[in-house]
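User: Hi! Could you walk me through this protein with a few questions and answers?

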Amino acid sequence: MSLEKKEVFPNLFRYVCDSCPFDWPRTPVKESDLPPPPAHSCPNENQPGLKPVLEEQEKGTSESPSPKSESTRPKPVAVCTRCGAVSYTPNLINGQCAQTVAGKRCIGVNGSALNADDWKQCAACAGTGSIETTRCGPCDGAGWLYAHSRGKR
């Protein structure tokens, strides 16, 4: 698959693959310092639609009402070590949190939370992520609460 140059922060660039989570260089650099793109053989060559599906899962579906809005949300697979934001995409485990806190990107890391006892269903919304038409406050719309206290792992 082809790599494209992408501005990931103001005036900082890297190459990203349009069908897999590959990005290079790991630390974004100024456009003038960006070397030629590396050779990349995409592991998802036979699945070109995978990355958009993963991005849509990461965004969540709480913004748009759907017939499944009353069903239990899936368990997250990762939680930020700093802000507690949840992620549903396994390939984001151990990566930097993408949440913005007070206008700045969170400095936390998405820690693995794949164990069965890492999550408990939110009692306030019964796992749906919403109470009537509003986003659930205790679980922040995830439907699940991280069962371990942050900072003591």
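Here is a short round of questions and answers, beginning with how the model should be read.

Analyst: This is a predicted model, where local features need pLDDT of at least 70 and side-chain atom pairs count only at pLDDT 80 or more, while totals for chains, interfaces and linings use all residues. Residues are numbered from 1 along each chain as its sequence is written, and side-chain values use heavy atoms, with hydrogens and water left out.

User: How many strands are in the protein chain?

Analyst: Helices (H or I, at least four residues) and strands (E, at least two) are DSSP runs, numbered from the N terminus. Along the sequence the pattern reads β-β-β-α-β-β-β-β-β-β-β-β-β. That gives 1 helix, and the number of strands is 12.

User: What percentage of the 153 residues is buried?

Analyst: Buried means under 20% relative accessible area, exposed over 50%, and partly exposed in between (1.4 Å probe, protein chains only). Among the 153 residues of the protein chain, the buried share is 32%.

User: Which strand gives the most to the largest nonpolar core?

Analyst: A nonpolar core is a set of buried Ala, Val, Leu, Ile, Met, Phe, Trp, Tyr and Cys residues joined through side-chain atoms within 4.5 Å. The largest one has 6 residues: Leu 3, Phe 13, Tyr 15, Cys 17, Cys 20 and Leu 34. With 3 residues, the top contributor to this core is strand β2 (residues 12-17).

User: Which strands stand at the edges of the open sheet β5-β4-β8?

Analyst: Two strands pair if DSSP finds at least two bridges between them. The 3 strands of this open sheet are ordered β5-β4-β8, with antiparallel pairing. Each edge strand has a single partner strand, so one side of each is left without a neighbour in the sheet; these are β5 (86-87) and β8 (110-112).

User: Which residue in β5 is the bridge partner of Ala 78?

Analyst: Strand β4 (residues 78-80) pairs with β5 in the antiparallel sense over 2 bridges. For Ala 78, the bridge partner in β5 is Ser 87.

User: Is Asp 118 buried or exposed?

Analyst: Asp 118 sits in the loop between β8 and β9 (119-121). Contact means heavy atoms within 4.5 Å, and beyond its neighbours within four places in sequence, Asp 118 is in contact with residues including Ser 112, Leu 145 and His 148. Its relative accessibility is 2%, so Asp 118 counts as buried.

User: What is the distance from the backbone nitrogen of Leu 114 to a polar atom of the side chain of Asp 118?

Analyst: The two atoms belong to the backbone of Leu 114 and the side chain of Asp 118. The distance between them is 3.3 Å.

Terms used
Polar contact = N/O pair within 3.5 Å; in protein donor to acceptor, adjacent residues only side chain to side chain.
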